[in-house]
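Trainee: Before I use these structural labels in my own notes, I should like to see how each one is justified. May we go through them one at a time?

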Amino acid sequence: AGTIQDRLLSNRLLKKEAYSIIGWSRSAKGVGGDFYYIQEICKEMLFATLCDVSGKGVSASLIVSMLWGMLKTYDFRRGLRELIVTINKAIVSTFHMEKYLTGFFMFFDKEHSKLLCADMGHSHVYLIRNNDIKALKGRLLNLPIGIDLEISPSLMGITLQRDDRLFIYTDGITEQVNGSGEEFGEERLKAFLRTLPAAEQQITSLLLEQIDQFRDGVPQQDDMSFLLFTYTG
């Protein structure tokens, strides 16, 4: 199971003329519930998502495998809202509201320099613009996926500026503690994001080094994952 999940969540970098996106994940146990997925739909469109399934271990990894299969076969012409509704129905009908997930889903439209996003109870998203870091939140809050059979997701649109970055992460990063019980926290994460290197390949190793130095031998408590999207214009 761990080998299969490693294949699904291998460190991935997609670099195009107008954008780049990198994904990374590390489970607290052999398998886990963090999940990201990146797919170029056509030359003008990109889909990406980062999800955090409730719990850890094998039970959470079952949902990860289920999600990967659904996204791999989904017809993205049906749109973002229909995708979320479809996933929600599958999770509810399969796990009967005993499991749920938070997630951030996005479409990038290269032609119009826009992002169409849905934050399904995730709330761990930063927009980095001109060295200013702001939490990205929609006007209406969506419930996590899997806790209500009937949902109507609220979407938000963002017009991008050149060199904008979107950092989506799971709370396993900020809630990791050290030997004194202190959390890594959002301020340390923001300080790291203000000094992001231009080379995407360096970002994963640098963040991982900071987290591991901070925890100083304390076991990893939760799955950790992130997506970093960069608009180069």
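Trainee: What makes the pair D164 and R129 a salt bridge?

Mentor: In this predicted model, the closest N and O atoms of D164 and R129 are 2.6 Å apart. The limit is 4 Å between a side-chain nitrogen of Lys or Arg and a carboxyl oxygen of Asp or Glu, so the pair qualifies as a salt bridge. The pair links distant parts of the chain, 35 residues apart: D164 lies in the loop between strand 9 and strand 10, and R129 lies in strand 7.

Trainee: Why is D164 called buried?

Mentor: The relative accessibility of D164 is 1%. Buried means under 20%, so D164 belongs in that class. R129 has 22% relative accessibility; this value lies between 20% and 50%, and R129 therefore counts as partly exposed.

Trainee: Which residue forms a salt bridge with R188, and how are the two classed for exposure?

Mentor: The partner of R188 is E182, with the closest N and O atoms 2.8 Å apart. R188 is partly exposed at 32% relative accessibility, and E182 is partly exposed at 38%. Elsewhere, R26, D212 and R215 are joined into one network by salt bridges that share partners.

Trainee: Why is R77 called exposed while D75 is called partly exposed?

Mentor: R77 has 77% relative accessibility, and exposed means over 50%, so R77 meets that limit. D75 has a relative accessible area of 30%, which falls between the two limits, and D75 is therefore partly exposed. The side chains of R77 and D75 meet in a salt bridge, at 3.0 Å from N to O. By the same rule, the count comes to eight salt bridges.

Trainee: How do you know that K99 has no salt bridge?

Mentor: The nearest side chain of opposite charge, that of E98, is 8.6 Å away from K99. The limit is 4 Å, so no salt bridge is assigned to K99, although K99 is buried. A polar atom of the K99 side chain does lie 2.6 Å from the backbone oxygen of S54. K99 is found in the loop between helix 3 (80-95) and strand 5 (101-109), and residues that K99 touches include V53, S54, I63 and G146.

Trainee: What makes strand 1 and strand 8 edge strands?

Mentor: Six strands form an open, antiparallel sheet in the order 1-2-11-10-7-8. Strand 1 (12-15) and strand 8 (132-135) each pair on one side only, and they are the edge strands. The twist averages 15 degrees from one strand to the next.

Trainee: How do you know that strand 7 pairs with strand 8?

Mentor: Strand 7 (residues 125-129) and strand 8 share four bridges in the antiparallel sense. At least two bridges are required, so the two strands count as paired. The bridge partner of I128 is I133 in strand 8. Helix 5 (residues 185-193) packs on the sheet and touches strand 7, strand 8 and strand 10 (165-169). The direction of helix 5 makes about 35 degrees with that of strand 7.

Trainee: Why is D163 called exposed?

Mentor: D163 has a relative accessible area of 51%; exposed means over 50%, so D163 meets the limit. D163 lies in the loop between strand 9 (156-159) and strand 10. Its phi is near 75 degrees, a positive value in a residue other than glycine.

Technical notes: Residues numbered from 1 in each chain as written. Predicted model: local features only at pLDDT ≥ 70, side-chain atom pairs only at ≥ 80, totals over all residues. Heavy atoms only, no water. Buried < 20%, exposed > 50% of the residue type's maximum accessible area, 1.4 Å probe, protein only. Lys, Arg positive; Asp, Glu negative; His and termini not counted. Polar contact = N/O pair within 3.5 Å; in protein donor to acceptor, adjacent residues only side chain to side chain. Contact = heavy atoms within 4.5 Å. Axes fitted to C-alpha atoms, helices over the stretch in contact; angles between N-to-C directions. Lists of a residue's contacts leave out its neighbours within four places in sequence.
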